[in-house]
Amino acid sequence: MSEVHRVAPDLLREMWIPPHEMRQAMWSEGIFDRNFAAFRADGPIMGAYMQAFAAKIGFALHYEATGNFVPPEGRVQVRWFTSSEVYGGRLPPSLFASIGTPRIMQQGKITSQGNFEYGWGTYLESPDVPLYYARVREAFAAAAFVVLDEGSLPFPEGELATFAPGDLVMPLSDRITAG
């Protein structure tokens, strides 16, 4: 927790939910086990860090899939999903329809199975746009749409967080806005 506090000092405060609100949130999701906990995942700090992670996934998986970097005029549009959205069936069905069987990482006998999976395909609503996907345990999933020129963005500017090559060298605080 000290590393979280060092990197994003106000993140834990942003995520905190009073116990009575936490129980209400969990009950609304059909979770009644008192051994589980919930946190707020809709704040600007969490959003900025998750968007940056999703963008890194997009840039990296684009390179993995094609052997090419996203060019300077290219863009990555991202969206991340909480476990509640993923497992509550609130994702658009067309979003991951073309991904196929997710991949896992492996080095020798050690694998990422159950901890991290990824894949790619095309975004069915815009078939010329590659879609890259990653899921971390049961915690969250990220989708990244990569285009080779800014004029081909699948979503209007501002609808999804959009990153150009080099944007992630700036401090994330530049992207955090009050929600």
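In the predicted model, the second largest pocket is lined by Arg-79, Phe-81, Pro-92, Leu-95, Tyr-123, Phe-145, Phe-155, Glu-159 and Leu-160. The space in this pocket amounts to about 150 Å³. When the lining residues are sorted by chemical character, seven are nonpolar, two are charged and none is polar. The two charged members of the lining are Arg-79 and Glu-159, while the nonpolar members include Phe-81, Phe-145 and Phe-155.

The protein chain as a whole contains five helices and seven strands, and along the sequence these elements are arranged in the pattern α-α-α-α-β-α-β-β-β-β-β-β. The radius of gyration of the protein chain is 17 Å, close to the 16 Å that the globule rule gives for 179 residues, and the chain is therefore as compact as a globular protein of that length. Measured out along its principal axes, the C-alpha trace has a span of about 50 × 35 × 35 Å. Of the 179 residues in the protein chain, 39% count as buried. Among the contacts that join residues at least 6 apart in sequence, 57% are made between residues at least 24 apart.

Helix 3, which comprises residues 19-28, has Met-22, Arg-23 and Met-26 as its buried residues. Viewed down the axis of helix 3, these buried residues fall within an arc of 100 degrees, so they line one face of the helix. An α-helix has 3.6 residues a turn, and residues three or four places apart therefore point the same way. On the other side of helix 3, the residues His-20, Gln-24 and Ser-28 are exposed. After helix 3 comes Gly-30, a residue with a positive phi, near 80 degrees.

Before helix 3, the loop that connects it with helix 2 (11-15) holds Ile-17. The relative accessibility of Ile-17 is 10%, and this residue therefore counts as buried, since the cut-off for buried residues is under 20%. Although Ile-17 and Phe-39 are 22 residues apart in sequence, their C-alpha atoms are 5.8 Å apart in space. When residues up to four places away in sequence are not counted, Ile-17 touches Met-22, Ala-38, Phe-39 and Arg-40; one of these partners, Met-22, is itself among the buried residues of helix 3.

Another residue considered in relation to helix 3 is Ser-84, which is located in helix 5 (residues 83-87). With a relative accessibility of 22%, Ser-84 counts as partly exposed, a class that lies between the buried limit of 20% and the exposed limit of 50%. The C-alpha atom of Ser-84 is separated by 9.7 Å from that of Met-26, a residue 58 places away along the chain. With neighbours within four places in sequence left aside, Ser-84 is in contact with Glu-29 and Arg-90.

A further loop residue is Arg-137, which lies between strand 5 (126-136) and strand 6 (140-147). The phi of Arg-137 is positive, at about 45 degrees, although this residue is not a glycine. Arg-137 has a relative accessibility of 51% and therefore counts as exposed, the cut-off for this class being over 50%.

Notes. Residues numbered from 1 in each chain as written. Predicted model: local features only at pLDDT ≥ 70, side-chain atom pairs only at ≥ 80, totals over all residues. Heavy atoms only, no water. 1 Å grid on protein atoms, 1.4 Å probe; cavity = no way out; pocket = protein on both sides within 12 Å on 5 of 7 lines; lining within 4 Å. Points joined across faces, edges and corners; volume = space filled by probe spheres on them. Buried < 20%, exposed > 50% of the residue type's maximum accessible area, 1.4 Å probe, protein only. Helix = DSSP H or I, 4+ residues; strand = E, 2+ residues; numbered from the N terminus. Arc of directions from axis to C-beta. Rg over C-alpha atoms; globule rule 2.2 N^0.38 Å. Contact = heavy atoms within 4.5 Å.
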